[in-house]
Amino acid sequence: MRAEIAFAPRLLAEPEAARYLGMSATMLRSLGLPRKEARSKRLYDRFDLDDYASALPYEGQNDAEEAKRADEAFGL
């Protein structure tokens, strides 16, 4: 008997990448995120999608707060 391994694919087509980020394909295209080329296919790397999501600010967080924390972290 063969065991099946379930895992998220690393490379995602546009509809799956948009669904992964919880947005429409139109919005995803407007972000200008890089895509990888696999023969004739253009695919989004899940790691790039994760980096984009991680860089988004939290609700209520603004640039001034972010700059202040960065300055404090570097002793400025």
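Which residue in E3 does Leu12 stand opposite? Leu12 stands opposite Tyr44 in E3, and this pair is a convenient place to begin reading the model. The structure is a predicted model, in which local features need pLDDT of at least 70 and side-chain atom pairs count only at pLDDT 80 or more, while totals for chains, interfaces and linings use all residues. Residues are numbered from 1 along each chain as its sequence is written, and side-chain values use heavy atoms, with hydrogens and water left out.

**Strands**

Helices (H or I, at least four residues) and strands (E, at least two) are DSSP runs, numbered from the N terminus. Two strands are said to pair if DSSP finds at least two bridges between them. Strands E1 and E3 pair in the antiparallel sense over two bridges, and E2 (residues 36-38) also runs antiparallel to E3, joined to that strand by three bridges. Within this second pairing, Ala38 stands opposite Lys41 in E3. The hairpin of E2 and E3 has two residues between the strands, and here Arg39 takes a positive phi near 60°. In the segment before E1 lies Ala8, whose C-alpha atom is separated by 8.9 Å from that of Arg46, although the two residues are 38 residues apart along the chain.

**The nonpolar core**

A nonpolar core is a set of buried Ala, Val, Leu, Ile, Met, Phe, Trp, Tyr and Cys residues joined through side-chain atoms within 4.5 Å. Buried means under 20% relative accessible area, exposed means over 50%, and partly exposed lies in between (1.4 Å probe, protein chains only). The largest nonpolar core has nine residues, among them Leu12, Ala17, Leu28, Tyr44 and Leu49. Helix H1 (residues 14-21) gives the largest share of this core, namely three residues. In soluble globular proteins, nonpolar side chains tend to be buried together. Ala17 touches Leu12, Leu28, Tyr44 and Leu49, when residues up to four places away in sequence are not counted; contact here means heavy atoms within 4.5 Å.

**Salt bridges**

A salt bridge is a side-chain nitrogen of Lys or Arg within 4 Å of a carboxyl oxygen of Asp or Glu. A search of the whole structure finds five salt bridges, including those in the table.

| Salt bridge | N to O distance |
|---|---|
| Asp45 and Arg10 | 2.8 Å |
| Lys36 and Asp45 | 3.6 Å |
| Arg19 and Glu16 | 3.8 Å |

The pair of Asp45 and Arg10 links distant parts of the chain, since Asp45 is in strand E3 (residues 41-45) and Arg10 is in the segment before strand E1 (11-12), 35 residues apart. Arg10, Lys36 and Asp45 are linked in a network of salt bridges. Within this network, Asp45 counts as buried at 3% relative accessibility, whereas Arg10 is partly exposed at 40% and Lys36 is partly exposed with a relative accessible area of 39%. Leaving aside neighbours within four places in sequence, Asp45 is in contact with Arg10, Leu11 and Lys36.

The bridge of Arg19 and Glu16 has another setting, for both residues lie in helix H1, three residues apart, about one turn of the helix. Arg19 is exposed, with a relative accessible area of 60%, while Glu16 counts as partly exposed at 35% relative accessibility.
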